[in-house]
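Morning, everyone. I have a few minutes on one structure, so please look at the screen.

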Amino acid sequence: METSMNETQQQAKETVFRAPDRGDLQATATVDREVRRTVGEARVADPRIRCNDINVYYGTAQAIKNVNLDVGRNEVLAMIGPSGCGKSTFLRCLNRMNDTIDGCRVTGDILLDERNINAKEIDVVPLRAQVGMVFQKPNPFPKSIWENVAFGPRIHGLARSRAQLDEVVESSLRRAGLWDEVKDRLDKPGTGLSGGQQQRLCIARTIAVQPEVILMDEPCSALDPISTAKIEELIDELRQQFSICIVTHSMQQAARVSQRTAYFHLGDLIEVGNTEQIFTNPNHKLTEDYITGRFG
Amino acid sequence: MSNQTLPLPRPVDVINTGLGRRRAAERRFRLYGVAAITLALIFLVLLFISIIGKGYTAFWQTQIQMEATLAPELLDIADPADRNQVMAANYGAVMKAALRQAFPEVSGRAEQRQLFALVSSGAEDVLRQRLLDDPSLLGQTVSLWVPAGSDIDMVRKGHIDRSLPESERRVSDQELAWMDELAQQGRIEQRFNWNFLTGGDSRSPEQAGIWGAVVGSFLTLAVTMLLSFPLGAAAAVYLEEFAPKNRLTDIIEVNINNLAAVPSIVFGLLGLAVFINIFGLPRSAPLVGGLVLTLMTLPTIIIAGRAALKSVPPSIREAALGVGASPLQTVTNHVLPLAMPGILTGMIIGMARALGETAPLLMIGMVAFIVDVPKGIFDPATALPVQIYLWADSPELGFAERTSAAIMVLLVFLLSMNALAVILRRRFERRW
Ligand SMILES: Nc1ncnc2c1ncn2[C@@H]1O[C@H](COP(=O)(O)OP(=O)(O)OP(=O)(O)O)[C@@H](O)[C@H]1O
Ligand SMILES: [Mg+2]
């Protein structure tokens, strides 16, 4: 047990190419603070998701302004930016969760494997199974831990028997790093877990339906470093097959897990590019301000 | 002095100076609360004392032991094997003969009429039942306990004051003398009044029972619950979870709130016009009563149901939708179970109101005098509050105690209904 933890941390450390160190970055950004057009490479060659001209309005207030962004295959895309800049809002467009908010309007095209999922006629039920989501606040069902994880596979008919469901529950909980802590109390309510355990339960619930794209809204904000390392390991593993979008306030985390990083600022996508480049050599002054700690 | 800057007071000191006032306000508020609850409890206790004090005697009945000879010629039974003849036989004559035999000295029409009033006309039913159970008794003399007349009953229970002069009381000295004579012989007794709990209504107070009204209320409420719960819950779920939020749903919402405040008698009139006059459903039937009370309780259940659904955290819906549950699956698997306690609370309130409702039932004829206990939702019936109203309105002294006893039965009915609902709600209660 002890050694496996250490290994996990070890691995997590190895994936760090450079934890951005505030202050020692040289001011090299060239694009001025007033510029709002996206700097950097928003497009990739073979995208899993391609967003064209996304605008999101809450009533009359615009929360996302004309964003174009691709998510590649087998890629982890990190979204960073100050609080309230629209990261969650943008993320929620990708599985149409904004539909559930009264007065929220999303315009533009979101192509998932060349199919516009923002079109009216798209059935959101299979879409949300395909594009899973982990929410910013842990929101387990007030049911047993087992029920929490088994709900998705059951409603989608992914498991035929109770035994199969048991298998799915166990493997999902294991991958979310929660199995050892809860294996003796699967029938206890999920709401009785600690905040961090709840978040990992929600992650297990999401991966139990085997989504092809996973959206994670600050999945580790309530987790300790060890659980965080486990989740980051999971993200790395999932990336082998799927695409992942992760919102995070920890720049170290963004640097550790992501291949590309997008920086949002007040509804605008300011800069997007290679994670290494964004953290070592940002082109936009706002990005630079943010990662050097002069903003937010 | 004035140039010196005064040291600013420490916030802790400022807080401490105001603390006494805050504590006093707190204490005062608690005191008000305790006072209010005490007052309410006092009134409740007074109510119970008054009702139980007046009503408990109705559960006891004065009975008189009689020796009756079941003479075939008096009964007018030619063939004892013929059930119809036994049913229709003249048991009154037998009873009168038995009374005359017990008090042979009585003569004169007026005196005899008084004598016959010693026992209730319900005595004939006792005799009939006896003979039906055992036809071989025909021609024999049997000893049996029969209910006393209402006046005797009232005297024995102390509702008629014996010390008043004869001219001011309902019972004559002669009747009292007969009664005392029977008492001396040990032939008069207070027995538990099963008839009150198992019988239907009657014109004579000593024979009137509450069971008919209990069954009527039960059938009416069963109809109400079976209709209003699914309809109300479904309407609440649809309006809260599925309906688009637009002007039309706003208007519907306003109207539902208004309906909750409409006087119940209006629903009664509506029921009369629609269910009886247009649909031709039978008058006085629990079915119609249930339909009318459904109309009346629906708004309460819908409003409570919507409030319960609203209080389910949106994160639960997001969680379910997020793994790809359809809106219906989200509602049935997660939202509805969480809202169920609240919906049930609304139903308890609605049903309790429906149980106590009199006015709309008057409109649809459930106020008729009905002796038979209803056997189904199409039979004419009355309901507990209506029965209370009818008895309270009757001039006979014997109905006064029955009114209070009927109120006691109504309260027991209400308590058991609420207890059931609370148990149900417990089973659904979950934390999140
Ligand atoms: N349901 C809503 N109704 C109205 N406005 C909203 C709603 N949700 C978000 N907003 C607004 O949209 C903007 C973007 O919000 P969003 O939640 O996407 O920010 P965020 O980048 O995720 O912030 P954080 O890092 O704090 O989670 C904010 O100005 C917020 O006030
Ligand atoms: Mg957010």
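I will go through the metal site, then the pockets, then the cavities. One caution before we start: this is a predicted model.

Metal first. Which residues coordinate the magnesium ion, ligand 2? There are two names to note: A:S88 through OG, and A:Q136 through OE1. The distances run at 1.9 to 2.4 Å. Now place that pair on the chain. A:S88 lies in helix α2 of chain A, residues 87-93. A:Q136 lies in the loop between β7 (131-134) and α4 (145-155) of chain A. The two are 48 residues apart in sequence, so the pair ties together separate parts of the chain. How open is A:Q136? Its relative accessible area is 35%, and between 20% and 50% we say partly exposed.

Next, the largest pocket. Its volume is about 1100 Å³. Its lining counts 36 residues. Nearest the centre are A:D99, A:T100, A:I101, B:R317 and B:L321. So which elements each supply at least two residues of this lining? From chain A, they are α2 and α3 (124-130). From chain B, they are α10 (211-242), α13 (286-310), α14 (314-322) and α15 (327-355). Helix α14 of chain B gives the largest share, 5 residues. Note that α2 of chain A comes up again here; that helix also holds A:S88. By class, the lining has 16 nonpolar, 8 polar and 12 charged residues.

On to the second largest pocket. Here the volume is about 450 Å³. There are 21 lining residues, and B:G122, B:D125, B:N195, B:G199 and B:Q207 lie nearest the centre. Two or more residues come from each of these elements of chain B: β1 (60-69), α6 (122-133), β2 (141-147), β3 (188-192) and α9 (194-198). What is the class make-up of this lining? We get 6 nonpolar, 11 polar and 4 charged.

Last, the cavities. The count is 3 at 30 Å³ or more. About 40 Å³ of space lies in the largest one. Its lining includes B:S217, B:T220, B:L221 and B:L293. Further along chain B, B:A354, B:L355, B:E357, B:L361, B:A383 and B:P385 also line the largest cavity. Helices α10 and α15 of chain B each supply at least two of the lining residues. The largest share, 3 residues, comes from α10 of chain B. Both helices also help line the largest pocket. The cavity lining divides into 7 nonpolar, 2 polar and 1 charged.

That is the tour. Questions, please.

How values were computed
Residues numbered from 1 in each chain as written. Chains lettered and ligands numbered in written order. Predicted model: local features only at pLDDT ≥ 70, side-chain atom pairs only at ≥ 80, totals over all residues. Heavy atoms only, no water. Donors = N, O, S within 2.8 Å, 3.2 Å for Na, K, Ca; no water. Helix = DSSP H or I, 4+ residues; strand = E, 2+ residues; numbered from the N terminus. Buried < 20%, exposed > 50% of the residue type's maximum accessible area, 1.4 Å probe, protein only. 1 Å grid on protein atoms, 1.4 Å probe; cavity = no way out; pocket = protein on both sides within 12 Å on 5 of 7 lines; lining within 4 Å. Points joined across faces, edges and corners; volume = space filled by probe spheres on them. Nonpolar A, V, L, I, M, F, W, Y, C, P; charged D, E, K, R; others polar.
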